[in-house]
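Colleague: I am new to this structure and would love a close look at the disulfide. Could you walk me through that part, and then show me how the rest of the model is laid out around the topic?

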Amino acid sequence: MNTAEGSSSPHLTPEDQVLAAEIADVYRMIDPVPATLVERLRFALALESADFAVLRPFEEAGLPSGVRGGEDSRTITFDSEILTIMISVSARDDHAVRVDGWLAPPGEHLVELRTGGGAQQVRADDQGRFVLDVVPRGLSQLVVRQGLDDPARATILAVTPSLIL
Amino acid sequence: MAGDPATDHAPTAGSRAAAASAAGSRAAAAPTAGSRAGGAPAGGSRAAGSRVSAAGAERRARLAEWLVAARQGDSAALDAIVAELTPVLWHTARSQGLTRQAAEDVVQTTWLILLRRLDTIAAPGALIEWLVTTARREAWRAGAASRKDDLPGDDVFDDLPDGVLTPDELLVDDERRRALWQAVESLPKRCAELLRIVAFVPRPHYDAVAAALDMPLGSIGPTRGRCFAKLRVLLAKDPDWSPR
């Protein structure tokens, strides 16, 4: 279908290009990409494999959006094709939080919480519950692995985007 | 926690610079109103256009190299692609009426989904098309999940934290840009979205993005032409706008 007419059309005229560049300038100014987003992406994408389900976050109804960092306690639900995770994050002190979680359908998966300082793993119980008692505040990511006896061989089943705890 | 995950990766200078420039863009933006005019005397739009094209060709070559390397597992190359193309995904998500928080989630989700698909994507144009398509679908999904009673789209700037300026405040001393912003925002939604996204696409990949926006290739000229034409009509009526 790439007719002579069609093949010439994709190119913007020089005038359109200048206007497009000015539009980009305007939106860069009024709605900039969050300064830390690329860094958070680099952290979230640094995984040893790629064959996993993505757990999409959504805030519980009633909570204001855009304030995922900082409150004393909050609940976040993540959903994917294969499993759903709900976490409740409560403040311990200025440096740490406690994470109570529940995954469904229940399974004795390994739940790993990656942070800038390393990762901690717990095994969900047969009801799907798990607790990460002391988690440093800051950038983190939940990674769900197979519930193998040897955690080093447990491949990744699902991951969340990075979040600020 | 002061842990900086980025320090685990050696070749971060480029992305770090990108993040720094993003961080500084708001502060730096105000005094640069005349920067484009600076180097371009009369007849400047043609010169500026070819400058943009040359930069676009360079970006295309670079992106193709990064894509080859990333598919072979080079994480620094993937990071470079992420830094290069996150802006177009950000503006794709935001043009769908998502809050900044929701848009960040959509951009992250889009890149995470890409990891599994990277092997199947051979060319930069296909990569951008896939990314924009996926970001729009994820944005729609996130919007559907969080839809409140408000009409979508008219509260995009209502979630600004205290102390952050609204577009009107940011552009108060820049009639030209404020006129442009108001003109784009008053276009039909489809055109406003198209122009905003296209503005952030590396130029040679425009056709890929038009495809991602569900416009068959044969119709993208007229559609793009209509959107730019509508914009020009609005701008021509605005005394604050002076064509360059």
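Modeller: Let's start with Cys191(B), which counts as buried because its relative accessibility is 6%. Its partner, Cys227(B), is buried too, at 2% relative accessibility. Please keep in mind that this is a predicted model. The sulfur atoms of Cys191(B) and Cys227(B) are 2.2 Å apart, and the two residues form a disulfide. In general, a disulfide is a covalent bond between the sulfur atoms of two cysteines. The torsion about the S-S bond of Cys191(B) and Cys227(B) is about -80°, so this disulfide is left-handed. Where do the two cysteines sit? Cys191(B) belongs to helix α9 (residues 189-199) of chain B, while Cys227(B) belongs to helix α11 (residues 217-236) of chain B, so the bond ties together parts that are 36 residues apart in sequence. Over all chains, the count of disulfides comes to 1.

From there we can step to Leu231(B). Leaving out residues up to four places away in sequence, Leu231(B) touches several residues of chain B, including Leu180(B), Ala183(B), Val184(B), Leu187(B) and Leu195(B). Leu231(B) also touches Leu19(A) and Ile23(A), which belong to chain A. In the largest nonpolar core, which has 77 residues, Leu231(B) is among those with the most contacts inside it, along with Leu85(B), Trp111(B) and Leu180(B). A second core, separate from that one, has 22 residues, among them Val97(A), Leu113(A), Leu132(A) and Val135(A). As a general note, nonpolar side chains in soluble globular proteins tend to be buried together.

Now for chain A as a whole. Chain A holds 3 helices and 11 strands, and from the N terminus on its elements run α-α-α-β-β-β-β-β-β-β-β-β-β-β. Of the 165 residues in chain A, 51% are buried. Taking contacts in chain A between residues at least 6 apart in sequence, 52% join residues at least 24 apart. The area that chain A exposes is about 7,100 Å², with carbon and sulfur atoms supplying 52% of it.

Helix α3 (residues 37-45) of chain A is mostly covered, with 8 of its 9 residues buried. Those buried residues of α3(A) include Leu37(A), Val38(A), Arg40(A) and Phe43(A). What lies over the face of Phe43(A)? That is Arg114(A), at 4.4 Å from the ring centre. In chain B, Arg176(B) lies over the face of Trp241(B), at 3.9 Å from the ring centre. As for pairs of aromatic rings, a search of the whole structure finds 0 over all chains.

Two more places in chain A deserve a visit. Ala104(A) and Pro105(A) are joined by a cis peptide bond, with omega at about -5°. Most peptide bonds, by contrast, are trans. Pro105(A) is in the loop between β5 (96-104) and β6 (110-115) of chain A. The other place is Ser88(A), in strand β4 (residues 84-91) of chain A. With a relative accessible area of 26%, Ser88(A) is partly exposed. The C-alpha atoms of Ser88(A) and Asp100(A) are separated by 5.2 Å, although the two residues are 12 apart along the chain. Beyond its neighbours within four places in sequence, Ser88(A) is in contact with Ser73(A), Arg74(A), Thr75(A), Arg98(A), Val99(A) and Asp100(A).

Note on methods: Residues numbered from 1 in each chain as written. Chains lettered and ligands numbered in written order. Predicted model: local features only at pLDDT ≥ 70, side-chain atom pairs only at ≥ 80, totals over all residues. Heavy atoms only, no water. Helix = DSSP H or I, 4+ residues; strand = E, 2+ residues; numbered from the N terminus. Buried < 20%, exposed > 50% of the residue type's maximum accessible area, 1.4 Å probe, protein only. Contact = heavy atoms within 4.5 Å. Areas by Shrake-Rupley, 256 points an atom, 1.4 Å probe, with all protein chains shown as cover. Core = buried A, V, L, I, M, F, W, Y, C linked by side-chain atoms within 4.5 Å. Phe/Tyr/Trp six-rings, centres within 6.5 Å; stacked < 30°, edge-to-face > 60°. Lys NZ or Arg CZ within 6 Å of the ring centre and 35° of its normal. Disulfide = S-S within 2.5 Å.
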